[in-house]
Amino acid sequence: QVQFVESGGGLVQPGGSLRLSCAASGSMFRIYAMAWYRQAPGEQRELVARISSGGSTNYADSVKGRFTISRDNGKNTAYLQMNSLKPEDTAVYYCNRLPQIAWGQGTQVTVSS
């Protein structure tokens, strides 16, 4: 059964950067599109970025130009590089494949001075 383990979150000041990692178990990582989502308190989970099996990327308008999604199929890992962070980026960040399966625990990102 595929599982996702997110890491790399933390507390950062506005304008700072973080790099999130998503380690996936299983041998079929390379054939699936992967995506990052986030959920702020009291809000619904939203799609932040996705990357196809071939490396094509898409981003939510709110993060376009600031976040970069990537993947390393040899390591079964997806990444989210987040730059120029804003307080409104504060949320728990999750990764999943497309179509979605069971969610991991997520990693907390807090942007505050």
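Select arginine 45 and tryptophan 103: the charged end of arginine 45 sits over the ring of tryptophan 103, 4.0 Å from its centre. This is a predicted model, and every stop below is read from its coordinates.

Keep tryptophan 103 on screen. Its relative accessibility is 31%, so tryptophan 103 counts as partly exposed, between the limits of 20% for buried and 50% for exposed. Now add tyrosine 37 and tyrosine 94. Ring pairs link Tyr37, Tyr94 and Trp103 into a cluster. A search of the whole structure finds two aromatic pairs. One of them joins tyrosine 37 to tryptophan 103, edge-to-face, with 5.0 Å from centre to centre and 85° between the planes. This pair links distant parts of the chain: tyrosine 37 lies in strand S4 and tryptophan 103 in the loop between S9 and S10, 66 residues apart. The rings of tyrosine 94 and tryptophan 103 have centres 5.9 Å apart and planes at 75°, so that pair is edge-to-face as well. Both tyrosines are buried: tyrosine 37 has a relative accessible area of 7%, and tyrosine 94 has 11%.

Next, switch to a cartoon view and colour strands S2, S10, S9, S4, S5 and S6. These six strands form an open sheet in that order, with mixed pairing. Strand S2 (10-12) and strand S6 (57-59) are at the edges; each has a single partner strand, so one side of each is left without a neighbour in the sheet. On average, neighbouring strands of this sheet are turned by 25° against each other, direction ignored. Zoom in on S2 and strand S10 (residues 107-111), which pair in the parallel sense over three bridges. Valine 12 stands opposite valine 111 in S10.

Then colour S1, S3, S8 and S7. Here four strands form an open sheet in the order S1-S3-S8-S7, and the pairing is antiparallel. Strand S1 (4-7) and S7 are the edge strands, each with a single partner, so one side of each has no neighbour in the sheet. The twist averages 15° from one strand to the next. In the middle of your selection, S3 and S8 pair in the antiparallel sense over six bridges. Pick cysteine 22 to find its bridge partner in S8, alanine 78.

While this sheet is displayed, show the side chains of arginine 19 and tyrosine 79. The charged end of arginine 19 sits over the ring of tyrosine 79, 4.0 Å from its centre.

Now turn to the interior. Which residues have the most contacts inside the largest nonpolar core? They are Trp36, Phe67, Leu80, Met82 and Tyr93, in a core of 25 residues. The elements that give two or more residues to this core are strand S3 (18-24), strand S4 (33-39), strand S5 (46-51), strand S7 (67-72), strand S8 (77-82), strand S9 (91-98) and S10. The largest share, four residues, comes from S3.

Centre the view on tyrosine 93 and display its surroundings. Leaving out residues up to four places away in sequence, tyrosine 93 touches residues including Leu20, Trp36, Val48, Phe67, Leu80, Met82 and Val109. Tyr37, from the ring cluster, is also among them.

For the last stop, select aspartate 61, in the loop between S6 and S7. Is this residue buried or exposed? At 66% relative accessibility, aspartate 61 counts as exposed. Add serine 112 and draw a line between the C-alpha atoms: the two residues are 51 apart in sequence and 22 Å apart in space.

Key: Residues are numbered from 1 along each chain as its sequence is written. This is a predicted model: local features need pLDDT of at least 70, side-chain atom pairs count only at pLDDT 80 or more; totals for chains, interfaces and linings use all residues. Side-chain values use heavy atoms; hydrogens and water are left out. Two strands pair if DSSP finds at least two bridges between them. Axes are lines fitted to C-alpha atoms, for helices over the stretch in contact, and angles run from 0 to 180 degrees between N-to-C directions. A nonpolar core is a set of buried Ala, Val, Leu, Ile, Met, Phe, Trp, Tyr and Cys residues joined through side-chain atoms within 4.5 Å. Buried means under 20% relative accessible area, exposed over 50%, partly exposed in between (1.4 Å probe, protein chains only). Contact means heavy atoms within 4.5 Å. Rings of Phe, Tyr and Trp (its six-membered ring) pair if their centres lie within 6.5 Å; planes under 30 degrees apart count as stacked, over 60 as edge-to-face and the rest as tilted. A charge sits over a ring if NZ of Lys or CZ of Arg is within 6 Å of the ring centre and within 35 degrees of the ring normal.
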